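Work through these short exercises with the structure in view. Try each task before reading its solution.

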Amino acid sequence: MTSEVMDSKDLSKVDPVFGQASFDNHEQIVFCNDKDTGLKAIIGIHNTVLGPALGGTRMLPYKNEWEALNDVLRLSRGMTFKSAITGLNLGGGKAVIIGDSKIQKTPELMKRFGEFVHSLNGKYITAEDVGMHTEDMDIVREVTPYVTGISEGKGGAGSPSPITAYGVFMGMKAAAQFKYGSNILEDKKVFVQGIGSVGEALVEHLVNEGADVYITDINKEQLEFVSNKYHASIYEGDDLYNEEMDIYAPCALGATVNDETIYRLKADIIAGAANNQLVEETKHGRILQDRGIVYAPDFLINAGGIINVYAELEDYDKQEIIRKTENIYNTTLEILDSAKANNLTTFEAAYKIASERIETRKRENSK
């Protein structure tokens, strides 16, 4: 991935879209620009074999367009596998808006983005992600029906964050069952990295179970708030990956398991809400396996959010949302057992199941 903005004369020397490693046969990539509102967005549609591509929109001040493109490609690909392995009739898509959500997000910008979503005629359905909130989806809903995660007062399922956290908690407990022979997390030392809406809800579950919880985040004010509210310990060190711990729960942005951190990490289990935690899925998945670290695939255990918003499309209630999310526990155990029995990494085992479901549907559709 080229990290610097290139001069136009150099573009002929590279493949700026199709040549990206993260491209992975995406069906469609839409670049959205609107001068009046300042909107600069990219919508990635990876696969629609199982159904319309559903995935959230995140707004971040990316360093450059290349970084934004790589992010949307990796995220939309992950959504394909997330929906497939969870048994939902949805494809994989994602959107990113380039900008600082705290100072650049306006109702006008959100409506203009919604108009671009609407122009895809339901092939892509959006929802909230980093830098977005339920009220933003309510604004998008004013111009398109192709949005989920709207407020409960407007007939939606509300914020997906609490359900996402519950699914991660279920996946973590399954990983503990696999590693320790017990899913009880009492007295387990858990480091939660990133305590936004999902991370905070996960902390609550862990503290209620009696885990020894340490938290870290770039937002110091949020750190103090969560620490005081749940009596979690703030990590004061400067090298999280060298700390002794039972469970590492990355809940901020992805790519924290990489060449720099993977050999330093002193954890038995990795189970968190962040997307794309492994920079190189095959390579780093194998290293974790060789080191005896159990990795609960992120696109499986963080699927509670998409289960929550899918309820708006299928019209099922909160009880069914909880039931489907709790089933993440069983699916995680099945994948961990399958990986061990077949000498696969846990990512490979999960990817295999998701891919087989997509290929089966593709054959059915071609008849």
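**Exercise 1. Find what share of the residues of the protein counts as buried.**

Solution. The model is predicted. A residue is buried when its relative accessible area is under 20%. Of the 367 residues, 55% count as buried. The accessible surface comes to about 16,400 Å². Carbon and sulfur atoms hold 46% of that surface.

**Exercise 2. Decide how compact the protein is for its length.**

Solution. Start with the elements: the protein has 11 helices and 12 strands. Next, take the radius of gyration, which is 20 Å. The globule rule gives 21 Å for 367 residues. The two values are close, so the protein is as compact as a globular protein of that length. The C-alpha trace spans about 55 × 50 × 50 Å along its principal axes. Now look at contacts between residues at least 6 apart in sequence: 66% of them join residues at least 24 apart.

**Exercise 3. Count the charged side chains and the salt bridges.**

Solution. There are 38 positive and 55 negative side chains. The centres of these two sets lie 5 Å apart. Side chains of opposite charge can pair when their charged atoms come close. The cut-off here is a nitrogen-to-oxygen distance within 4 Å. With that rule, the count is 20 salt bridges.

**Exercise 4. Work out which parts of the chain the Glu27–Lys123 pair ties together.**

Solution. First check the distance: the closest N and O atoms of Glu27 and Lys123 are 3.8 Å apart, and the pair forms a salt bridge. Glu27 sits in the segment before strand S1 (28-34). Lys123 sits in the loop between helix H2 (107-118) and strand S6 (124-125). The pair therefore ties together parts 96 residues apart in sequence. Glu27 is partly exposed, at 37% relative accessibility. Lys123 is partly exposed too, at 28%.

**Exercise 5. Place Asp259 and Lys283, then Arg361 and Glu364, in the chain.**

Solution. Asp259 and Lys283 form a salt bridge, with closest N and O atoms 2.9 Å apart. Asp259 is in the loop between strand S10 (247-250) and strand S11 (269-270). Lys283 belongs to helix H7 (residues 281-291), and the two are 24 residues apart. Arg361 and Glu364 form a salt bridge at 3.7 Å. Both lie in helix H11 (residues 346-366), 3 residues apart, about one turn of the helix. Arg361 is partly exposed at 21%, and Glu364 is partly exposed at 43%. Last, a network: salt bridges with shared partners join Arg58, Asp71, Lys94 and Asp129.

Methods
Residues numbered from 1 in each chain as written. Predicted model: local features only at pLDDT ≥ 70, side-chain atom pairs only at ≥ 80, totals over all residues. Heavy atoms only, no water. Helix = DSSP H or I, 4+ residues; strand = E, 2+ residues; numbered from the N terminus. Rg over C-alpha atoms; globule rule 2.2 N^0.38 Å. Buried < 20%, exposed > 50% of the residue type's maximum accessible area, 1.4 Å probe, protein only. Contact = heavy atoms within 4.5 Å. Areas by Shrake-Rupley, 256 points an atom, 1.4 Å probe, with all protein chains shown as cover. Lys, Arg positive; Asp, Glu negative; His and termini not counted. Charge placed at Lys NZ, Arg CZ, Asp CG, Glu CD.
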